[in-house]
Every structure is written in structure tokens, then in C-alpha cells.
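Me: I've got a chain on the screen and I'd like to talk through what holds it together. Could you take my questions one by one?

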Amino acid sequence: MKASLLEAWNTNLRVTEHLFDLLRDEDLKLRYAPRVRSIGLTVIHLHNVRRRWLGADGEMPASVSKIDRKASMTVPQLRTALQTSGRAVGKFLEQVAQTGAIPHYRGHPVTFLGYMLAHEAHHRGHILATLRVHGHPAPSESIYQLWEWDLE
């Protein structure tokens, strides 16, 4: 189970990493609609949700700092933050695979991973839709690459 959990999570990280290749700093302020998060706030949200789960057992990895919603960050800074929290979640999943339990979550580790993947995919979709609404649609080749899950 450990290898499968990590493979699925690492695939998710690769797909998200590819999404960052499509973003420019000026895109971070774009919103799909007036009352939804901007692209930048969406990325901060992803990082902070990962962080929340990492601290569910009361022990937060020192390397994963919370990002304030008011922080002004660049695409490279956000990419680095997501890489850091992504690696930490991978280590968390390794531990979960050994214990079979997630603090403050009643479901099975595979169900938890499904939740994490669905949450991140949902927000990747919002980011892509936001770019499209503002006249910066991702090239077709890039969209296809978001679904090339069997490539490293």
C-alpha cells in the first residue's frame, strides 16, 4: 500500500508542478469571479490545507510554514512552498501507510488520499478556468500533459 499511496501522491505533485509552468506572476491576482479566491490565494490555500493535515497529530514539520493569505508572493516562491509541503505530505503518507491511521480522520488512508487528490484537482481546474476566463488559456499541449500520468 505504501508504494501505491506514494506513487499516486507523487503523480499529483508532478501534475501540479506542470501547472506552474503555465503561470506568470501577473496571473496570481486573477479571479474566476469576484467572490472567489485569486489564483495566488488558491495556491496558498492548497499549501495551508496540506500543512493543516501534516499537523493533525500535533507535530508540524518545521520546514512547512503557514503562508499568510495577505502575503505577496511570486510564482517561484509559491512553487517552492508547494514543493516543500508536497514532500512533507509524501513523508506523512509513508507514516500513514505503516500505521494505517490518520489523526483526526476516520477513513482509510486510501480514502484520505482520494480526498487530497480530489481537492487539489478541483483547485487546478479553477486555476485553468481562471486563466481561460481572462484570455490566457493553457495551450492544448499543456492540458494534455496534465493527464500524462504515466510519465516521469
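**Aromatics, salt bridges and cores**

Reply: Sure. Let's start with the rings: Trp53, Phe92, Tyr105, Phe112 and Tyr115 form one aromatic cluster. Keep in mind that this is a predicted model.

Me: How many aromatic pairs are there by the ring-centre rule?
Reply: Rings pair up here if their centres lie within 6.5 Å. Going by that rule, the count of aromatic pairs is six.

Me: Are the rings of Trp53 and Tyr115 stacked, tilted or edge-to-face?
Reply: A pair of rings is described by how far apart the centres are and by the angle of the planes. For Trp53 and Tyr115 the centres are 6.1 Å apart and the planes sit at 70 degrees. Anything over 60 falls in the last class, so this pair is edge-to-face.

Me: Which helices does that pair link?
Reply: Trp53 and Tyr115 are 62 residues apart, so to speak in distant parts of the chain. Trp53 belongs to helix H2, and Tyr115 to helix H4.

Me: And what about Phe112 and Tyr115, stacked, tilted or edge-to-face?
Reply: Both residues lie in helix H4, three residues apart, about one turn of the helix. Their ring centres are 6.4 Å apart, with the planes at 35 degrees. That angle is neither under 30 nor over 60, so the pair counts as tilted.

Me: Is Trp53 buried or exposed?
Reply: The cut-off for buried is under 20% relative accessible area. Trp53 comes in at 12%, so the label is buried.

Me: Then how do Phe112 and Tyr115 score, buried, partly exposed or exposed?
Reply: Phe112 has a relative accessible area of 1%, so Phe112 is buried. Tyr115 is at 30% relative accessibility, and so counts as partly exposed.

Me: On to charges. How many salt bridges does the structure hold?
Reply: The test is a side-chain nitrogen of Lys or Arg within 4 Å of a carboxyl oxygen of Asp or Glu. With that test, the structure's salt bridges number five.

Me: Which residues are linked with Arg79 in a network of salt bridges?
Reply: The side chain of Arg79 meets that of Glu17 at 2.5 Å, N to O. Glu17 is in helix H1 (residues 2–20) and Arg79 in helix H3, so this bridge ties together parts 62 residues apart in sequence. Arg79 also forms a salt bridge with Asp21, at 3.0 Å, N to O. The network partners of Arg79 are therefore Glu17 and Asp21.

Me: Where does Asp21 sit, and is Asp21 buried or exposed?
Reply: Asp21 is in the loop between H1 and H2, 58 residues from Arg79 in helix H3. Since the exposed class starts over 50%, the 52% relative accessibility of Asp21 makes this residue exposed.

Me: Which residue does Glu120 bridge to?
Reply: Look for a partner 70 residues away: Glu120 is in helix H4, and the other residue is in helix H2. Glu120 is buried, with a relative accessible area of 1%, and the partner is buried with a relative accessible area of 1% too. The side chains meet at 2.7 Å, N to O, and the partner is Arg50.

Me: Now the greasy part. Which element gives the largest share of the largest nonpolar core?
Reply: That core has 22 residues, and those with the most contacts inside it are Phe20, Leu23, Ile39 and Ile127. H1, H2, H3 and H4 are the elements that give two or more residues to this core. The largest share, five residues, comes from H2.

Me: What does Ile127 touch, leaving aside its neighbours within four places in sequence?
Reply: Contact here means heavy atoms within 4.5 Å. By that test, the residues in contact with Ile127 are Leu19, Leu23, Ile39, Thr42 and Val43.

Me: How many residues are in the second, separate core?
Reply: Its members include Leu5, Val49, Phe92 and Leu113. The residue count of this second core is 20.

Me: Last one: which residues form the nonpolar patch on the surface?
Reply: Together they have about 260 Å² of accessible area. One of them is Val133, in helix H4 (residues 109–133), which counts as partly exposed at 49% relative accessibility. The patch is made of Tyr32, Val36 and Val133.

Key. Residues are numbered from 1 along each chain as its sequence is written. This is a predicted model: local features need pLDDT of at least 70, side-chain atom pairs count only at pLDDT 80 or more; totals for chains, interfaces and linings use all residues. Side-chain values use heavy atoms; hydrogens and water are left out. Patches are made of residues with over 30% relative accessible area and no salt bridge: like charges are joined within 9 Å, nonpolar side chains (Val, Leu, Ile, Met, Phe, Trp, Tyr) within 5 Å. Accessible areas come from the Shrake-Rupley method with a 1.4 Å probe; for residues, only the protein chains shown count as cover. Helices (H or I, at least four residues) and strands (E, at least two) are DSSP runs, numbered from the N terminus. Buried means under 20% relative accessible area, exposed over 50%, partly exposed in between (1.4 Å probe, protein chains only). A nonpolar core is a set of buried Ala, Val, Leu, Ile, Met, Phe, Trp, Tyr and Cys residues joined through side-chain atoms within 4.5 Å.
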